[in-house]
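Here is a short report for a newcomer. Look over the sequence and the model, then read on.

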Amino acid sequence: MNFLAHIHLSGENEFIKIGNFMADGVRGKQYENFPPAIQKGILLHRAIDTYTDAHPIFRQSTKRLHSRYHHYAGVIVDMYYDHFLAKNWPDYHPENLDLYANTFYQSLLDNHSLLTTKTQNVLPYMMEYNWLVSYESISGLERILTQMDHRTKNQSLMRFATEELITYYDEYETEFSLFYDEVQLFSKDKLAQL
């Protein structure tokens, strides 16, 4: 799961959303240095990633990409799934995606001192290019994948990954829908446990 899905799977608590969003930059027990709700978000993020990586539907989605993208296949499918979440947003949340994204960006700004340095550094780019909303279009997704590819010195080939998305669009959308129904239930249960 990528940014939009992680935020959405956090429910409505803004601090759980922030923790889930920035969790990749928090190593080991560093999460204990954050307020309790942010800790919950970080732990939820880790649980979602573990669940996702082992899930047969997600693995089926990545299988089509392994020969070309190798260990980047999972990252690419995360991006594909965020595309389908954004595209079908009204099926998953009552609030307009633009408003939802802007509210989240404002929440990050309002709580800037609680963010990791990595998150503070990425926030201006995220807002400038409106990442959460740009996942909705294939061209927006391609732009983000190209930026990610540049960070790997173009070794990941992610800039080409919309080709497979277009070729297998229906298959990926079906897999996303089935998987997302399950990961929503998993996340809700996990949040209740934390």
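How much space lies in the largest pocket? About 780 Å³. This is a predicted model, in which local features need pLDDT of at least 70, side-chain atom pairs count only at pLDDT 80 or more, and totals for chains, interfaces and linings use all residues. Residues are numbered from 1 along each chain as its sequence is written, and side-chain values use heavy atoms, with hydrogens and water left out.

**The pocket**

A pocket is an open set of points on a 1 Å grid over the protein atoms alone, where a 1.4 Å probe fits, with protein on both sides within 12 Å along at least five of seven lines. Its volume is the space filled by probe spheres set on the points. Lining residues have an atom within 4 Å of a point.

The largest pocket is lined by 30 residues. Closest to its centre are Asn2, Phe3, Asp24, Lys118 and Met148. The lining divides into 13 nonpolar, eleven polar and six charged residues. Here Ala, Val, Leu, Ile, Met, Phe, Trp, Tyr, Cys and Pro count as nonpolar, Asp, Glu, Lys and Arg as charged, and the others, Gly among them, as polar.

Several helices (DSSP runs of H or I, at least four residues, numbered from the N terminus) supply at least two lining residues each: H1 (3-8), H2 (14-22), H3 (36-54), H6 (73-87), H8 (117-128) and H10 (138-151).

**Four residues**

Buried means under 20% relative accessible area, exposed over 50%, and partly exposed in between (1.4 Å probe, protein chains only). Contact means heavy atoms within 4.5 Å. The contacts in the table leave out residues up to four places away in sequence.

| Residue | Place | Relative accessible area | Contacts |
|---|---|---|---|
| Asn2 | segment before H1 | 14%, buried | Asp78, Met79, Asp82, Tyr135 |
| Leu43 | helix H3 | 27%, partly exposed | Tyr31, Leu194 |
| Leu132 | helix H9 | 0%, buried | Phe3, Leu4, Ile7, Ala86, Leu97, Ala101, Phe104, Tyr105, Met126 |
| Thr152 | loop between H10 and H11 (162-167) | 17%, buried | Tyr72, Met158 |

Two of these residues also have a C-alpha distance to report. Leu132 and Ala101 lie 31 residues apart along the chain, and their C-alpha atoms are separated by 6.1 Å. Leu43 and Ile16 are 27 residues apart in sequence and 9.5 Å apart in space, C-alpha to C-alpha.

**The core**

A nonpolar core is a set of buried Ala, Val, Leu, Ile, Met, Phe, Trp, Tyr and Cys residues joined through side-chain atoms within 4.5 Å. The largest one has 59 residues. Met1, Leu4, Tyr80, Tyr81, Leu132, Tyr135 and Tyr180 have the most contacts inside this core. H6 gives the most to the core, with nine residues.

**Helix H8**

Which residues of H8 are buried? They are Thr119, Leu123 and Met126. These three cover an arc of only 80° around the axis, so they sit on the same side of H8. The arc is that of the directions from the helix axis to the C-beta atoms. The buried residues of H8 pack against H2, H7 (97-110) and H9 (131-134).

The face turned away from that buried side carries the exposed residues Thr117, Asn121 and Glu128. Just after H8, Asn130 takes a positive phi of about 45°.
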